[in-house]
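Please look through the structure shown here before reading the briefing, and keep it in view as you go. The notes are grouped by topic, so that each one can be checked against the residues it names.

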Amino acid sequence: LPICVSSLSAMRSAPTFDKFFEIGRVVLVAHGDNQDSLAVILDIIDENRVLLDGPKTLTGVPRSVRSIKDLTLTNQLLPIRRMSKVKTLEAAFKAADVQTKFNKSVLGRKMERKRLRAKLTDFGRFQVMVAKKQKNALVNKELSKLRSKK
C-alpha cells in the first residue's frame with residue numbers, strides 16, 4: 001500500500017491534545033460537592049488527584065483534593081505559581097475575568113441553557129415543544145420549496 005509521507009508528517013506534528021491538567025488551569029467541578037462550579041488547579045498530587053481552590057469567596061469551592069475524574073477542563077489558564085495563597089489566587093481570578101469568560105464559552109452557555117430548562121414548569125416545557133414544532137414546520141416548508149425548484 002502506498003503511504004503519503006507528507007500526510008504522515010503532518011499527523012505527527014499536529015498536537016493531539018491542547019488542554020492538560022496543569023497548575024493554573026481553570027476547571028469545572030462536574031461531580032460531587034460544588035457541582036457546576038469553577039475552580040483552579042493549585043497542585044498535582046498524583047496521576048489521579050489534584051489540589052484545587054475556587055477561591056471559596058468567589059466560586060464557593062474550598063481548597064480541597066479532588067479526583068481528576070470529577071473535573072472538566074476549560075480553555076482558561078491562570079498565571080499562578082504552585083500552591084498559591086488565597087489572596088494571590090483571588091487577584092489572578094479577578095484580573096483574568098474568569099467567570100465572565102466562562103459564561104461566554106460554549107460550555108458556559110450550555111450549562112446556562114441546562115439551568116434554564118431545569119427551572120421550567122410543565123407549561124413552560126409545553127410552550128418550548130410548541131415553539132419547536134412551529135420552527136420545524138417553517139424549516140420543512142422552506143426546504144421543500146428549495147427542493148421543488150431543482
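A salt bridge is a side-chain nitrogen of Lys or Arg within 4 Å of a carboxyl oxygen of Asp or Glu. Lysine 145 forms such a salt bridge with glutamate 142, and the closest N and O atoms of the two are 3.7 Å apart. The model is a predicted one, and a search through the whole of it finds seven salt bridges and one aromatic pair.

**Salt bridges within helix H6**

- Lysine 145 and glutamate 142 both belong to helix H6, where they stand three residues apart, or about one turn of the helix.
- Lysine 145 counts as partly exposed because its relative accessibility is 41%, and glutamate 142, with a relative accessible area of 46%, is likewise partly exposed.
- Aspartate 122 and arginine 125 also meet through their side chains in a salt bridge, with an N to O distance of 3.9 Å.
- Because aspartate 122 and arginine 125 are three residues apart in helix H6, about one helical turn separates them.
- Aspartate 122 has a relative accessibility of 57% and therefore counts as exposed, while arginine 125, at 44%, counts as partly exposed.

**A salt bridge between parts 39 residues apart**

- The side chains of arginine 82 and aspartate 43 form a salt bridge in which N and O are 3.0 Å apart.
- Arginine 82 is in the loop between strand S5 (71-77) and H3, whereas aspartate 43 is in strand S2, so this pair ties together parts that lie 39 residues apart in sequence.
- The two partners have opposite descriptions, since arginine 82 counts as exposed at 54% relative accessibility, whereas aspartate 43 counts as buried at 13%.

**The aromatic pair and the surface patch**

- The aromatic pair consists of phenylalanine 123 and phenylalanine 126, whose ring centres are 6.2 Å apart and whose planes meet at 25 degrees, so the pair is stacked, given that planes under 30 degrees apart count as stacked.
- Both residues of this pair are in helix H6 (residues 122-149), and because phenylalanine 123 and phenylalanine 126 are three residues apart there, about one helical turn separates them.
- Phenylalanine 123 counts as exposed at 53% relative accessibility, while phenylalanine 126, at 44%, counts as partly exposed.
- Phe123 and Phe126 join Met129 in a nonpolar patch on the surface, and the three together have about 320 Å² of accessible area.

**The nonpolar cores**

- In soluble globular proteins, nonpolar side chains tend to be buried together.
- The largest nonpolar core in this model has 15 residues, and those that touch the most other members are Leu38, Val40, Leu78, Ile80 and Val98.
- Two or more residues of this core come from each of strand S1 (25-29), strand S2 (37-44), helix H3 (86-95) and helix H4 (98-104).
- A second core, separate from the largest one, is made of nine residues, among them Val27, Ile41, Leu71 and Leu73.
- When residues up to four places away in sequence are not counted, valine 98 touches Val26, Leu38, Gln76, Leu78 and Phe93.

**Two buried serines**

- Serine 37 lies in strand S2, and with a relative accessibility of 15% serine 37 counts as buried, because buried means under 20% relative accessible area.
- Leaving out residues up to four places away in sequence, serine 37 touches Val27, Leu28, Val29, Thr59 and Val61.
- Serine 37 and threonine 59 are separated by 22 residues in sequence, while their C-alpha atoms are 6.3 Å apart in space.
- Serine 84 is placed in the loop between S5 and H3, and at 6% relative accessibility serine 84 also counts as buried.
- The contacts of serine 84, again without residues up to four places away in sequence, are with Leu42 and Arg63.

Conventions
Residues are numbered from 1 along each chain as its sequence is written. This is a predicted model: local features need pLDDT of at least 70, side-chain atom pairs count only at pLDDT 80 or more; totals for chains, interfaces and linings use all residues. Side-chain values use heavy atoms; hydrogens and water are left out. Rings of Phe, Tyr and Trp (its six-membered ring) pair if their centres lie within 6.5 Å; planes under 30 degrees apart count as stacked, over 60 as edge-to-face and the rest as tilted. Helices (H or I, at least four residues) and strands (E, at least two) are DSSP runs, numbered from the N terminus. Buried means under 20% relative accessible area, exposed over 50%, partly exposed in between (1.4 Å probe, protein chains only). A nonpolar core is a set of buried Ala, Val, Leu, Ile, Met, Phe, Trp, Tyr and Cys residues joined through side-chain atoms within 4.5 Å. Contact means heavy atoms within 4.5 Å. Patches are made of residues with over 30% relative accessible area and no salt bridge: like charges are joined within 9 Å, nonpolar side chains (Val, Leu, Ile, Met, Phe, Trp, Tyr) within 5 Å. Accessible areas come from the Shrake-Rupley method with a 1.4 Å probe; for residues, only the protein chains shown count as cover.
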